[in-house]
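Student: Could we go through the aromatic rings together? I would like to hear the reasoning behind each label.

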Amino acid sequence: MATVVETVTELVNPILDEHHFELYDVEFVKEGGSWYLRVYIDKDGGITLEDCANVSDALSEKLDSLPEDPIPQQYFLEVSSPGAERPLKKPRDYERAINQYVHISLYSPLKGQHGQKVYEGTLKKVDDEVLTIEYMDKTRKKTIDLPRKQVAQARLAIKF
């Protein structure tokens, strides 16, 4: 039996293909006693409110037309852009983030890094093993290689 996320992914992909949008992520989570089905979409140039409404309407229609409801509990459907500080999850997300400002949190500090577990800087290089970040240490520009297996979370960041 397919999970809610798998079912929704299968239903929403043809809708997104028709509009030349990309599926960024699907979540089905319980928060504060309520269930939320969140579908994050993207396109070159960014997603508009109207884009979100159109996808939401089409997806709702598809879900309602199924002979058996894949989501038996009540839930809120939210369709949105992943946002300016979007998480980096898939290899493609990391590739697109090269030369952009990112926030990286590690599971534990690297040896010789004085307990530092968080880095913000420009993502310079990505491969299967390492993320290379250029960051400021006080007034000096430094570069560090962060092992991917040590990365707890990564997202785009807004530089202030």
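Tutor: Gladly! Let's start with a definition: a residue is buried under 20% relative accessible area, exposed over 50%, and partly exposed in between. Keep in mind that this is a predicted model.

Student: Why does Tyr75 count as partly exposed?

Tutor: Tyr75 has 27% relative accessibility. Partly exposed is the class between 20% and 50%, so Tyr75 counts as partly exposed. Phe28 has a relative accessible area of 18%, which is under the 20% cut-off, so Phe28 is buried.

Student: What makes Phe28 and Tyr75 an aromatic pair, and why is the pair called edge-to-face?

Tutor: A search of the whole structure finds four aromatic pairs. For Phe28 and Tyr75, the centres are 6.4 Å apart and the planes make an angle of 80°. Pairing needs centres within 6.5 Å, and planes over 60 degrees apart count as edge-to-face, so both conditions are met. This pair links distant parts of the chain, with Phe28 in strand 1 and Tyr75 in strand 3, 47 residues apart. Phe28 and Tyr75 also form one aromatic cluster with Trp35.

Student: Why are Tyr119 and Tyr135 called edge-to-face?

Tutor: Their ring centres are 5.5 Å apart and their planes are at 80°. That angle is over 60 degrees, so the pair is edge-to-face. Tyr119 lies in strand 5 and Tyr135 in strand 6, 16 residues apart.

Student: How do you know whether Tyr119 and Tyr135 are buried or exposed?

Tutor: Tyr119 is at 1% relative accessibility and Tyr135 at 8%. Buried means under 20%, so Tyr119 and Tyr135 both count as buried.

Methods. Residues are numbered from 1 along each chain as its sequence is written. This is a predicted model: local features need pLDDT of at least 70, side-chain atom pairs count only at pLDDT 80 or more; totals for chains, interfaces and linings use all residues. Side-chain values use heavy atoms; hydrogens and water are left out. Rings of Phe, Tyr and Trp (its six-membered ring) pair if their centres lie within 6.5 Å; planes under 30 degrees apart count as stacked, over 60 as edge-to-face and the rest as tilted. Helices (H or I, at least four residues) and strands (E, at least two) are DSSP runs, numbered from the N terminus. Buried means under 20% relative accessible area, exposed over 50%, partly exposed in between (1.4 Å probe, protein chains only).
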